[in-house]
Structure formats: C-alpha cells, structure tokens
Amino acid sequence: MNDANLVSSGVEKLQVDEQENILEVRGLKQYFKVKTGFFSSLPLKAVDDVSFCIKRGETLGLVGESGCGKTTVGRSIMHLYTPTAGEIHFAGQKIDKNNLTNLRRNMQMVFQDPYSSLNPRMTVEDIVGEPLDVHKLCKSKQERHERVQEMLSLVGISSEQASRYAHEFSGGQRQRIGIARALAIDPEFIVCDESVSALDVSIQAQILNMFKELQSKLDLSYLFIAHDILVVTYMSDRIAVMYLGKLIELADTREINDNPIHPYTKALFSAVPIPDPKTARKSQRIVLKGDVPSPLHVPSGCAFRTRCPYVTERCSEETPSLTDRGNGHLVACWNI
Ligand SMILES: Nc1ncnc2c1ncn2[C@@H]1O[C@H](COP(=O)(O)OP(=O)(O)O)[C@@H](O)[C@H]1O
Ligand SMILES: [Mg+2]
C-alpha cells in the first residue's frame, strides 16, 4: 500500500504493513494547554492530524520553518509526550504505555545541540555506556567496555578518548559521541532532530555522510528533521513539508525537488540560491512575506492562506487535505 492510499483512504482504514513500514503515524495530534490569562487557557495545536509512514531502511525528511511542529512530531513518536490523539505503530505494534520500554530500545533520538545534550561531568565511556546500563544490556564491565569501544570506532572517535569528558571535544566530535550513544543499544529507527544545525557547514557534511554510512551498515531508518531544505534534500528518500502543525506536501525527494507544488514548498526551495542564472530565471520564485502566524491563533481554512500569493475565498473557509497529484505526490492546496 503506498502513502497516497494511506492518507486518502482515511486514518481508520490504514493497514499495518509490518514488512515494509518500520513506523506509522496515524492522525497524530499534540495539543499543549497554554495559559493566556489568570483564569484562561488556549490549546496550542503544535501537531494537528498528521499521518505518514516510514519504510524500513528509508529516510523521511521533515522540513518547515521554526515553530511549525517538527520537534513535537519527533518527541511524540518517542512518546516523550503522550499524544493528544492518534496512534503510532512501530514494526506493526501500536505504541502505548505497556510496551514503551521495549520499543524505546528500538528507537533513539539525536538532538540538535551537542553542547547541552551531553552531561559535561561524565566521561565519554559513561555517556555512551549509560543507555546500555538503563536497558541492562551488558552482563559484565568488560562487555560494556567492548561495546562502547565498538560504538566509538563506528563514529570515528579513538579508543584513547573514551576516558575524556564531553566538554573537551569540539561540536562535531560531541555530535559523534551523541550518535554513538544513540547507537549503543542497537536501535532500528532514529529520529534526527536538527542534528547538524548547530555545526559549521564543513562539519555538517562529515556528519551527514556518517549518518548515511551508518544507515547502510546498520540497516537504520531515519526521520530526519531540519529547517534547512538543502540538508533535508541531501539526506532523504522522501520529504514531508510541515506548516503550522500540518503536513502540506509529501513526495519522493527527486519529485518534490523538480516539481514542488504547494506555494509554501516552492517558497522554501526558492530561498535556496541557484548557481546557474538560466535555471534561476526559468524557475518561479516565491518569496515568503511575514512570519508564521502564532499557533495559538491558526488562520481558519488553509493555515498558509495569510502568506499565500494564490489565496482565494475558499482557502479561508475549508481546510484542504492531502490529495494525490500522481505518483504518490501528496499536496494540500485548493488552487494548485
Ligand atoms: N512543551 C510545550 N508546551 C507548550 N508549547 C510547546 C511545547 N513544545 C512546543 N511548543 C510549541 O509548539 C509549536 C511547535 O514547536 P516545535 O515542535 O518545537 O517546532 P519546530 O521544531 O518545527 O521548530 C511552537 O509554537 C512551540 O512554541
Ligand atoms: Mg525543532
């Protein structure tokens, strides 16, 4: 079953394809209660009815401006938040409170900031070894030591460096240590949340390539979250574009790169400099005006309408849902 069918056939009709899909997110909603006054509060719809799946061995990119809900999708998948509504299935199994520990062993998250996500008072050996202790995966100190050494060599950190502290390392090396830590328990699926955004561009490329090598060596599947469309394009097999809590476009990377349909996706690609002036002139550039509206006051109908150059009356009245425009290229827009 392809994605187009999954989305257009409605959430309740989704079928679990254990063989093909490592992860299925169905109708995920994550609302936060935000205080707006002494006695009043409003629901902040950080994620509002999002569905997608990730195939085994695949990288799905999740892209969108800051504040559109990407991190919340990642954290909800990891069940760091309990979803307001919707279901998450991992390898055909619905994730709930009862099987959380077991599933956490198979899923890990690599965060953006390697400076704050690693405890500066712990040695590299203990940082990488900690998840092994939590999940009681090693029978002896020796076994733990060997496993840590194996992980460090996978990410290009030498064994002599294992006794050093995290603060002694550069940003790129810290991110390598963070990745070794995520890999220690041998997960099948990793959420990478802005995992290279805090690094210099030259270091970014090294870490991105390492993610790719690790993927083929260890049969990993990734949800690759970033606001940088170039990074997401480089890493992903398919790309999902998010705006104010909703997916607005989802397609194969090549397809969405060559033929972005939603005006928001076009704008994201327009912001990337094109080296060849001839191609640049041919392509239709859309420059985004203004900021993303507050998620506490999401515009009615299509949330993008307040910034859209093609807005019509219908856009404020009805919310467009993702529909297949051919070859599984899903778009939520009334006018394009
Ligand atoms: N724990 C929380 N409580 C309240 N609001 C939150 C919480 N986490 C995120 N948000 C809000 O949800 C929206 C989406 O945030 P986030 O998922 O971090 O976006 P992104 O990762 O795309 O930048 C933002 O408006 C953010 O302020
Ligand atoms: Mg984020």
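**Helix 5, its length and its two sides.** At 1.5 Å a residue, the 14 residues of helix 5 (residues 141-154) should span 20 Å, and the end C-alpha atoms of this helix are 20 Å apart, which agrees; the expected span is 1.5 Å times one less than the number of residues, and helices (H or I, at least four residues) and strands (E, at least two) are DSSP runs, numbered from the N terminus. This is a predicted model, in which local features need pLDDT of at least 70 and side-chain atom pairs count only at pLDDT 80 or more, while totals for chains, interfaces and linings use all residues. Residues are numbered from 1 along each chain as its sequence is written, and chains are lettered from A and ligands numbered from 1 in the order in which they are written. Within helix 5, V148, M151 and L152 are buried, a residue being buried if 20 or more other C-beta atoms lie within 10 Å of its own, exposed if 12 or fewer, and partly exposed in between, with C-beta atoms placed from the backbone. These buried residues cover an arc of only 100° around the axis, which puts them on the same side of helix 5; the arc is that of the directions from the helix axis to the C-beta atoms. Q142, E143, E146 and S153 are exposed on the other side of helix 5.

**The largest nonpolar core.** This core has 83 residues, and those with the most contacts inside it are A180, F224 and V241; a nonpolar core is a set of buried Ala, Val, Leu, Ile, Met, Phe, Trp, Tyr and Cys residues joined through C-beta atoms within 7 Å. Its largest share, six residues, comes from strand 2 (residues 41-55).

**Strand 6 beside strand 7.** From strand 6 (residues 107-110), M107 and M109 point one way and Q108 and V110 the other way, and all are buried. Strand 6 pairs with strand 7 (residues 189-193) in the parallel sense over four bridges, where pairing requires that DSSP finds at least two bridges between two strands. The bridge partner of M107 in strand 7 is F189.

**Two loop residues with positive phi.** Most residues other than glycine have a negative phi. D219, although not a glycine, has a positive phi of about 55°, and D219 lies in the loop between helix 7 (201-218) and strand 8 (221-226). N327, also not a glycine, has a positive phi of about 55°, and its place is in the loop between strand 11 (323-324) and strand 12 (330-331). With 11 C-beta neighbours inside 10 Å, D219 counts as exposed.
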